[in-house]
Amino acid sequence: MNIPFLDLGRLEENLKERLKNRFSEVLEAGVFSGGKEVVQFERSVSSFLNSSFSIPCANGTDALELALRALKIGPGDEVIVPAMTWVSTAEVVVLVGAKPIFWDTDEEGLLRSDWEKAVTAKTKVVMPVHLYGKMVDMENLTKKAESLGLFVIEDAAQAFGAFQDGKAAGTWSDVGCLSFYPTKNLGALGEAGMCLTQNSQLSTQIRMLLNHGQPVRDQHELVGRNSRIDTIQAAFLNVILEDFETNQQKRKAIAAQYLDSFSGIEGLRLPTGILDSDHNAHLFVIQNERRDELKAFLAEKSIGTAIHYPMILPDMLPFRSVGDFENARKLAETGLSLPLNPYLKTEELDFICKSVLEFFGRG
Ligand SMILES: Cc1ncc(COP(=O)(O)O)c(C=O)c1O
């Protein structure tokens, strides 16, 4: 048995057919930028997430950068970023000329709740990341940010479809950013992203920024760029969205089986809250001191795993900074993502469980 960490070639035949049909429709319609597929995608996401404004763009990294630009963050400003995240979260801060100030995470990679200790007179934004699909406590974070006069940009790239107290990831803050990178729970067949906002002025600003500063064609009011979503990706996403909830159920069932199989193993930390609604079960990250050995043991059995992520941002060349990043660093050293995707077959899941148990002497 060869079990890849994720094989997107395994899309169900029925879905492939629907995608091919939609591709043919777009080809016949001859509209490859903007158009009704993009409008439909905006509307569907707005309705599913109960977001006032859902603005598709080229990718999740652009969504974050557009959010910062719309809030007029730039040179001289500081932005609080968790030490453990995908590199985009800090990259965009540097791209707009501001400075990322890294703060440690909790043991599962979410911005530690005492982040206000990083606030200075220059701090303008705090950027929580719903890492692995698990939402940061947004009630507390947004209250604190408001009392400190800070903007909040949610990096919800990994958390599409997670809801906390009935409110979707990405809709708690000034701007929430989504990624539809192919490996995400709602993944395109290429690159795509989105900004969510509940503020009409910010939405207008973001729409202009991603379309060369134009409110209407040939009227350029500010320096923007091209970060429009491809029509074909919006069309594919409209189809893929139809299966989202069914796929979520599959993910949750896999996570439940992992939790059940691995409970009580000494020294093995399991993700908490993964079956709750404020977690979209994007990744199943276990933590163990013998992580590298376990990874090699599973690879030997042709089970693919991944590390999200092997290095914390403040240790990376472009972002070097010192501080107490103990939890984030430990996660980078001990975290291992097991396969968790709707294409995993029952016998594969059973084999992964059996193999992990074998590694821990529970065979
Ligand atoms: C936490 C996080 N932020 C930002 C991004 C950037 O999204 P994209 O790859 O669509 O640019 C990703 C996804 O890769 C991510 O996981």
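A polar contact here is a pair of N or O atoms within 3.5 Å; within protein, one must be able to donate a hydrogen and the other to accept it, and residues adjacent in sequence count only if both atoms are side-chain atoms. Everything below comes from a predicted model, in which local features need pLDDT of at least 70 and side-chain atom pairs count only at pLDDT 80 or more, while totals for chains, interfaces and linings use all residues. Residues are numbered from 1 along each chain as its sequence is written, and side-chain values use heavy atoms, with hydrogens and water left out.

**View 1. Gly60, Thr61 and Lys184 at the ligand.** Gly60 brings its backbone: a polar atom there sits 2.8 Å from an oxygen atom of the ligand. Thr61 uses its side chain instead, with an N or O atom 2.5 Å from a ligand oxygen. Lys184 joins in with a polar side-chain atom 3.1 Å from an oxygen atom of the ligand. Step back and there are 14 residues around the ligand, with Gly60, Thr61, Asp155, Ser179 and Lys184 coming nearest (a residue is near if one of its heavy atoms lies within 4 Å of the molecule).

**View 2. Where domain 1 (8-241) meets domain 2 (244-359).** These bounds come from an automatic or database domain assignment. The C-alpha centres of the two domains are 24 Å apart. Domain 1 puts 41 residues into the contact and domain 2 puts in 37, counting heavy atoms within 4.5 Å. Together they bury about 3300 Å², 55% of it on carbon and sulfur atoms; buried area is the accessible area (1.4 Å probe) that two parts lose on being put together, summed over both. Look for Arg10, Tyr132 and Asn185, which supply 23% of the area that domain 1 buries against domain 2, more than any other three residues.

**View 3. Polar links across the domain interface.** There are 27 residue pairs in polar contact between domain 1 and domain 2, both partners at pLDDT 80 or more. On the domain 1 side, α4 (88-95), β3 (99-103), β6 (163-164) and α7 (231-241) each supply at least two of the residues touching domain 2. Helices (H or I, at least four residues) and strands (E, at least two) are DSSP runs, numbered from the N terminus.

**View 4. Two salt bridges, Asp324 with Arg112 and Lys20 with Glu17.** A salt bridge puts a side-chain nitrogen of Lys or Arg within 4 Å of a carboxyl oxygen of Asp or Glu. For Asp324 and Arg112 the closest N and O atoms are 3.6 Å apart; for Lys20 and Glu17, 3.8 Å. Lys20 and Glu17 share helix α1 (residues 13-29), three residues apart, or about one turn. The whole structure has 28 salt bridges, and the count between the two domains is four.

**View 5. Backbone oddments at Tyr309 and Asn50.** His308 and Tyr309 are joined by a cis peptide bond, with omega about 10°. Tyr309 belongs to the loop between α9 (291-300) and α10 (326-334). Asn50, in the loop between α2 (36-49) and β1 (53-57), has a positive phi near 55° despite not being glycine.
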